[in-house]
Structure formats: structure tokens, C-alpha cells
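Notebook open. I wanted to look up how the protein meets the DNA, and then what sits in the core.

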Number of protein chains: 2
Amino acid sequence: MDDDGDLVFKALADPTRRFLLDLLFARDGRTLTELESELDMSRFGVMKHLRVLEGAGLVVTRRSGREKLHFLNPVPIRLIHDRWIDKYTERQASALAELKTELEND
Amino acid sequence: MDDDGDLVFKALADPTRRFLLDLLFARDGRTLTELESELDMSRFGVMKHLRVLEGAGLVVTRRSGREKLHFLNPVPIRLIHDRWIDKYTERQASALAELKTELEND
DNA sequence: AAGATAGGTGACCAGATGGTCACATGTCAA
DNA sequence: TTGACATGTGACCATCTGGTCACCTATCTT
């Protein structure tokens, strides 16, 4: 019953982790300490979340001295999209999604 | 720290629920009993999962007599995509995702 | 060298989640 | 109208998950 994208979906299931992705989407290459400063949580909590995101491939890291830089990887997100939206219905889904976004900005 | 897409991500976090979406992606309009026959789980378990999917808007239903028909709704999936993939990087993410899929089919 | 800084590990606890069952309601068919 | 069928509810329990802490290692700076 399990599938290979399991880690990705588990990673996305937590609001704190989604917020971390939002932060990295806005600006890449941040350190753990910098990300921690944006959250109301201990450093250990943030570290645990980043580890989950990295394990899922949603975040990739690069060490630079004593710092560890974090980058967003959009590929797993695109794979989710491709799993349940085929190329024929993509136009409709996209249009409806944009409509919903516009309606909410009123 | 919570956000409005919370129900969608929670719904997608479970492999059984993703498999249900796969079944509905292949063919829409199935009843609870029909879906249950595809899973190695009690009817109650399947019902609980379908309720979560419906609450998240990933599945919409229509009653027909004593039956309840289930349909896949792709819009929430598209919204996930749009959250972390902007229109400039979409080409690259899409291309890499296709590449990964092709490589895995060898 | 020594203190400060950035990151890491394992154990631990409260709360959420997945799955089952006994039981109940509404609908079809003979 | 009686029985079979399709779906629904609430309680219950084992397990997973989010978060914290005490303690540790590695790197920079002066």
C-alpha cells in the first residue's frame, strides 16, 4: 500500500514544514539559525523538520564551513501534480485554481 | 502556523488515501463498496479515508439512491503546484520531473 | 588556546492518527 | 413487508508524530 513518494507527502503534511518551504521559496540558501529566527520554536524542532524535508528531497543542502545552507527543490512537487492531473485536464484545473486564487483576494 | 490547505496535505499524507485517488483517477464515479473491494481493509477504514478526502475537497460525491458516487477533484492538487512552482521555473521542474519518470521506467 | 558560534544526537512525553467493531439508518427487490 | 444491501456513527486501542531538553562535535575569531 505504500509508495515511493511517501516521504514527500509526509513531509508536506506538517504546517511548519510547509512554512519552511515558503521561506525558502521566497529566498534560498538560508542557514538553520536564520530559519529558526523566523519560527516560534526551538532550534531542535526546526532542525528535525528540515531533516524530514531533506529526506524527502524537497530541500537540498550544501555545507559551507560550519554553516549548512538550505535550498528548495521543486521537482517532487511537480511529480505530485503529474500523478493526478493529466495533460488533457491540466488547462481546466489550472484555470479553476487561478479563479479560486483571484476570488480569495477580495 | 496553520494554513487553509491543511486538510488537503493531511489527506494526502496517507498511502491508502493516495491509492484511493489513484483508483478514482483511473475511473471516476465509484461507490464505497466498489472501492473497498480493491483494498485489504475493512469498509469502515475505507469510509473514514473517503471522508477525509471529501473534507479536503479532493473528492466530491453525489448520492444516487442508496449509493454514494465518488469523483476526483484535481483543483487542490493544482494549488499545491502553484504554491511552490512559479511560472518561470515551471518549465525546468516539469522537464526534470519527466526525466525522472523516464529513467525509472528502465 | 579559549570562548563563541553553528550544527547534531538520543531519550522522552503529550497529543494526533489509522484501523476495527458493535450497532444503527435508509433503500431496493421479491 | 420482509430480508438483503449500501452507507453511517461513536467508542476504543495501538502506534506514529511534534516538540523539548541535556549533552556533544565542529568551526570561526581573537
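I started at Lys68(B): an N or O atom in the side chain of Lys68(B) is 3.2 Å from a phosphate oxygen of DNA strand D. I count a polar contact as a pair of N or O atoms within 3.5 Å; within protein, one must be able to donate a hydrogen and the other to accept it, and residues adjacent in sequence count only if both atoms are side-chain atoms.

Next I noted which elements give two or more residues to the surface near DNA strand D: helix H2 (15–26) and helix H4 (43–55) of chain A, plus helix H3 (32–37), helix H4 (43–55) and strand E2 (67–72) of chain B. Helices (H or I, at least four residues) and strands (E, at least two) are DSSP runs, numbered from the N terminus. H4(B) gives the most, five residues.

Ground rules, before I go on. This is a predicted model, so I note that local features need pLDDT of at least 70 and side-chain atom pairs pLDDT 80 or more, while totals for chains, interfaces and linings use all residues. Residues are numbered from 1 along each chain as its sequence is written, chains are lettered from A and ligands numbered from 1 in the order in which they are written, and side-chain values use heavy atoms, leaving out hydrogens and water.

More on DNA strand D. I find 24 residues around DNA strand D, with Lys48(A), His49(A), Thr33(B), Arg43(B) and Arg51(B) the closest; near means a heavy atom within 4 Å. A side-chain N or O atom of Lys48(A) comes 2.3 Å from a base oxygen, and Arg17(A) puts a polar side-chain atom 2.9 Å from a phosphate oxygen.

Then DNA strand C. Here 23 residues surround the strand, the closest being Thr33(A), Arg43(A), Arg51(A), Lys48(B) and His49(B). Of the strand C atoms within 4 Å of the protein, 59% are sugar or phosphate. Lys48(B) has a polar side-chain atom 2.3 Å from a base oxygen of strand C, and for Arg66(A) a side-chain N or O atom is 3.0 Å from a base oxygen. Leu32(A) uses a backbone N or O atom, 3.3 Å from a phosphate oxygen.

Last, the core. The largest nonpolar core (buried Ala, Val, Leu, Ile, Met, Phe, Trp, Tyr and Cys joined through side-chain atoms within 4.5 Å; buried is under 20% relative accessible area, 1.4 Å probe, protein chains only) has 46 residues, and Leu12(A), Leu58(A), Leu12(B) and Leu58(B) have the most contacts inside it. Domain 1 (1–73) and domain 2 (74–106) of chain B both contribute residues, so this core lies between them; the bounds come from an automatic or database domain assignment.

Terms used:
Buried < 20%, exposed > 50% of the residue type's maximum accessible area, 1.4 Å probe, protein only.
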